[in-house]
Amino acid sequence: MSSDETPNVPTPRHSREAVREKAQQVHAQQSRARIMRRTIIALVAVVVVGAAGAGVAWAVGSAMSKPTASPSNMDDDGVVVREASSTSVAQGAPDAEATPSSETDGAEATPTPSPTVDADAVDIHIYVDYLSPGAGEFERANTRQLVSWIDQGAATVSYHPVSLLTANSNGTKYSLRAAAAAACVASFAPDKFYAFNHELLVNQPELDSDGRTDIELADLAQAVGVDDVAGVRGCIEKKSFTSWAKDATSRALEGPLPGSDDLVLNGAPMIVVNGQAYAGALDDPAEFSQFVLSIASDAYYSTPKPTQTPTETPAA
């Protein structure tokens with residue numbers, strides 16, 4: 001017996017509609033998921049960028065708020081040499097031609113361990129770049145008479161390390177590092193600054209060479225007899241005063257230089273005596289001595305001298 005009841009199954013049309021509806025549901029779910037992912041990614045990106053920006057701002061703020069380390073025992077970015085008689089001077093350097101004194105009576109002063117600076121002493125500032133051939137030339141030629149003047153108290157001599165030739169050492173920045181190393185010695189072993197400064201100048205590397213490494217600079221400081229070897233070595237190898245060396249050079253370039261009205265650093269070496277720049281030969285100690293004597297004489301005769309007031313003789 002046949003039955004006209006049909007199975008409870010969807011017709012082809014109904015099947016297609018169901019599939020289409022399911023596809024639409026899946027598409028809607030995927031669309032919502034994509035939107036959600038994009039939203040999360042955008043939020044994460046905002047957080048990351050914000051954190052990065054905050055980190056940069058903190059780093060910049062910290063760098064701006066952190067003061068530049070400055071060396072000790074400096075006066076106008078220079079080191080006043082108070083004792084130099086114990087320093088080994090360059091072999092073959094000529095003796096001093098004359099003492100820069102306002103009263104040239106021919107008497108020769110006896111060097112003392114702690115010289116007393118004369119009231120009429122000339123004020124000499126020497127700006128040195130430790131990679132400058134001219135700076136080395138001047139030091140070799142004038143060491144003996146500079147030491148003599150310092151020990152006699154006839155002159156105050158200040159050395160100013162600068163870094164004008166930083167780009168002339170194959171990328172090692174020797175000029176800058178050497179100036180910073182000199183500042184380290186001035187801070188930790190001021191009594192050995194002149195010896196270290198002298199060795200850097202008379203035994204300097206060639207221009208456009210790599211120069212000494214930081215370790216070699218520290219070794220040289222130890223060789224001249226610094227007492228605080230660890231302090232000097234750590235300062236040099238950590239480059240503690242490179243920022244100071246840059247700033248000191250900029251200050252000298254802007255001027256005015258100490259003791260002058262309008263002089264600015266225009267090269268290295270630059271020698272300033274009582275505010276006047278020396279323009280003579282760097283390798284002629286006689287010419288430099290004559291310049292210093294002339295400056296000293298001018299200073300002596302332009303300084304007002306006290307006058308004696310006559311006193312009345314009591315009547316008998």
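## Helices H5 and H6

In this predicted model, helix H5 passes helix H6 in a right-handed crossing. H5 covers residues 214-223 and H6 covers residues 229-237. The two helices pack at an angle of about 155°, and their axes lie 9 Å apart. Angles over 145 degrees count as roughly antiparallel, and H5 and H6 are therefore roughly antiparallel to each other.

On the H5 side, the contact is formed by Asp214, Ile215, Leu217, Ala218, Asp219, Ala221 and Gln222. Their counterparts in H6 are Val229, Val232, Arg233, Ile236 and Glu237. By residue class, the contact of H5 with H6 contains seven nonpolar, one polar and four charged residues.

## Helices H3 and H7

A second helix pair is formed by H3 (residues 174-188) and H7 (residues 242-254), which pack at an angle of about 105° with their axes 8 Å apart. This angle makes H3 roughly perpendicular to H7, since the range for that description runs from 65 to 115 degrees.

H3 contributes Leu176, Ala179, Ala180 and Ala183 to the contact, where they meet Thr242, Trp244, Ala245 and Lys246 of H7. The residues of this contact divide into six nonpolar, one polar and one charged.

## Overall architecture

The secondary structure of the protein consists of eight helices and five strands. Along the sequence, these elements follow the pattern α-β-β-α-β-α-α-α-α-α-β-β-α. Helix H1 spans residues 12-65, while helix H8 spans residues 285-302.

The protein has 316 residues, of which 37% count as buried. Among contacts with a separation of 6 or more, 74% are between residues 24 or more positions apart.

## Helix H4 and histidine 198

Helix H4 (residues 193-202) is mostly covered, with nine of its 10 residues buried. The buried residues are Phe193, Tyr194, Ala195, Phe196, Asn197, His198, Leu200, Leu201 and Val202. Their cover includes both strands and helices: strands S1, S2 (122-128) and S3 (155-161), together with helices H2 (133-152), H3 and H5. H3 and H5 thus appear here as well as in the helix pairs described above.

Histidine 198 is located in H4. Its relative accessibility is 2%, so histidine 198 counts as buried. The side chain of histidine 198 is joined to that of glutamate 139 by a polar contact of 2.9 Å.

## Tyrosine 278

Tyrosine 278 lies in the loop that runs from strand S5 (276-277) to helix H8. Is tyrosine 278 buried or exposed? Its relative accessibility is 11%, and because buried means under 20%, tyrosine 278 counts as buried.

Leaving aside neighbours within four places in sequence, the contacts of tyrosine 278 are Ile271, Asp284, Glu287, Phe288 and Phe291. For one of these, phenylalanine 288, the C-alpha to C-alpha distance from tyrosine 278 is 7.7 Å, at a sequence separation of 10 residues. In addition, a polar atom of the tyrosine 278 side chain lies 2.7 Å from the backbone oxygen of alanine 281.

## Backbone geometry in the loops

Two cis peptide bonds precede prolines in the loop between H7 and strand S4 (270-273). One joins glycine 255 and proline 256, with omega about -5°. The other joins alanine 268 and proline 269, with omega about 5°.

Positive phi values occur at two aspartates, neither of which is a glycine position. Aspartate 77 has phi of about 65° and is placed in the loop between helix H1 and strand S1 (79-81). Aspartate 208 has phi near 70° and is placed in the loop between H4 and H5. At 45% relative accessibility, aspartate 208 counts as partly exposed.

Technical notes: Residues are numbered from 1 along each chain as its sequence is written. This is a predicted model: local features need pLDDT of at least 70, side-chain atom pairs count only at pLDDT 80 or more; totals for chains, interfaces and linings use all residues. Side-chain values use heavy atoms; hydrogens and water are left out. Axes are lines fitted to C-alpha atoms, for helices over the stretch in contact, and angles run from 0 to 180 degrees between N-to-C directions. Helices (H or I, at least four residues) and strands (E, at least two) are DSSP runs, numbered from the N terminus. Angles under 35 degrees count as roughly parallel, over 145 as roughly antiparallel, 65 to 115 as roughly perpendicular and the rest as oblique. Contact means heavy atoms within 4.5 Å. Ala, Val, Leu, Ile, Met, Phe, Trp, Tyr, Cys and Pro count as nonpolar, Asp, Glu, Lys and Arg as charged, and the others, Gly among them, as polar. Buried means under 20% relative accessible area, exposed over 50%, partly exposed in between (1.4 Å probe, protein chains only). A polar contact is a pair of N or O atoms within 3.5 Å; within protein, one must be able to donate a hydrogen and the other to accept it, and residues adjacent in sequence count only if both atoms are side-chain atoms. A crossing is left-handed if the near helix is turned anticlockwise from the far one by less than a right angle, and right-handed if clockwise.
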